[in-house]
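These are my notes from going through one model. I took contacts, strands and charged pairs in turn.

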Amino acid sequence: MAQFLIESSHTKEECLKALDETLAKGSDVLNRFEYGCLAGDHRVWATVEANSESQAREYVPSFLHGKARVIPVGKFTPDQIRSFHQK
């Protein structure tokens with residue numbers, strides 16, 4: 001499995017629909033997301049483990065699939081960073 005960062009946005013008018021669709025996927029999925037909505041920034045972020053980008057995208061409400069950014073992410077070790085300096 002790989003790690004993916006999900007960033008998805010919706011409008012104020014789409015907010016409740018997005019929340020309802022996410023909740024319908026289960027409270028465990030809802031709890032993966034951080035929401036900016038109460039601050040007026042209708043974006044959500046999550047880090048998930050999935051086998052592929054398309055599998056990670058399934059966490060996002062279906063009507064927002066096309067607008068969501070799903071980015072493979074990972075961590076660097078100190079040795080990797082040192083090796084970058086040698087190249």
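I began with the charge-over-ring contact: the charged end of Lys17 sits over the ring of Phe63, at 4.3 Å from the ring centre. The model I am reading is a predicted one.

**Aromatic pairs**

Next I looked up ring pairs. How many aromatic pairs does a search of the whole structure find? The search returns two. One is made by Phe33 and Tyr35, and I noted it as tilted, with 6.3 Å centre to centre and 50 degrees between the planes. I then checked the cover on each partner. Phe33 has 5% relative accessibility and therefore counts as buried. Tyr35 is at 32%, so I entered Tyr35 as partly exposed.

Phe76 and Phe84 also form an aromatic pair, and I recorded that pair as edge-to-face: the centres are 5.4 Å apart and the planes make 90 degrees. Phe76 counts as exposed because its relative accessibility is 58%, the cut-off for exposed being over 50%. Phe84, with a relative accessible area of 42%, is partly exposed. I placed Phe84 in helix H4, which covers residues 78–86.

**Surface patch**

I came back to Phe76 and Phe84 when I looked at the surface. Together with Ile81 they form a nonpolar patch there, and the accessible area of the three is about 320 Å².

**Sheet**

I then traced the strands. In what order do the four strands of the open sheet run? I read S2-S3-S1-S4, with antiparallel pairing. Strand S2 (34–35) and strand S4 (69–73) are the edge strands, each pairing on one side only. I followed S2 to its neighbour: S2 and strand S3 (residues 43–50) pair in the antiparallel sense over two bridges. Tyr35, already noted for its ring pair with Phe33, has Val44 in S3 as its bridge partner.

**Salt bridges**

The search of the whole structure for salt bridges gave six. I wrote up three of the pairs, starting with Arg69 and Glu7, whose closest N and O atoms are 3.2 Å apart. This pair links distant parts of the chain, since Arg69 is in strand S4 and Glu7 in strand S1 (residues 2–9), 62 residues apart. Is Glu7 buried or exposed? Glu7 has 16% relative accessibility, so I entered Glu7 as buried. Arg69, at 48%, is partly exposed. I also found that Glu7 and Arg69 belong to a network of salt bridges that includes Asp41 and Arg43.

Then I took Glu14 and Lys67, whose side chains meet in a salt bridge at 3.6 Å, N to O. Here too the pair links distant parts of the chain: Glu14 is in the loop between S1 and helix H1 (15–24), Lys67 is in the loop between helix H3 (53–57) and S4, and they are 53 residues apart. Glu14 counts as partly exposed at 23% relative accessibility, and Lys67 is partly exposed at 43%.

My last pair was Asp79 and Arg82, with a salt bridge of 2.8 Å, N to O. Why are Asp79 and Arg82 separated by about one helical turn? They are three residues apart in helix H4, which means about one turn between them. Asp79 has a relative accessible area of 53%, so I entered Asp79 as exposed.

Key: Residues are numbered from 1 along each chain as its sequence is written. This is a predicted model: local features need pLDDT of at least 70, side-chain atom pairs count only at pLDDT 80 or more; totals for chains, interfaces and linings use all residues. Side-chain values use heavy atoms; hydrogens and water are left out. Patches are made of residues with over 30% relative accessible area and no salt bridge: like charges are joined within 9 Å, nonpolar side chains (Val, Leu, Ile, Met, Phe, Trp, Tyr) within 5 Å. Accessible areas come from the Shrake-Rupley method with a 1.4 Å probe; for residues, only the protein chains shown count as cover. A salt bridge is a side-chain nitrogen of Lys or Arg within 4 Å of a carboxyl oxygen of Asp or Glu. Rings of Phe, Tyr and Trp (its six-membered ring) pair if their centres lie within 6.5 Å; planes under 30 degrees apart count as stacked, over 60 as edge-to-face and the rest as tilted. Buried means under 20% relative accessible area, exposed over 50%, partly exposed in between (1.4 Å probe, protein chains only). A charge sits over a ring if NZ of Lys or CZ of Arg is within 6 Å of the ring centre and within 35 degrees of the ring normal. Two strands pair if DSSP finds at least two bridges between them.
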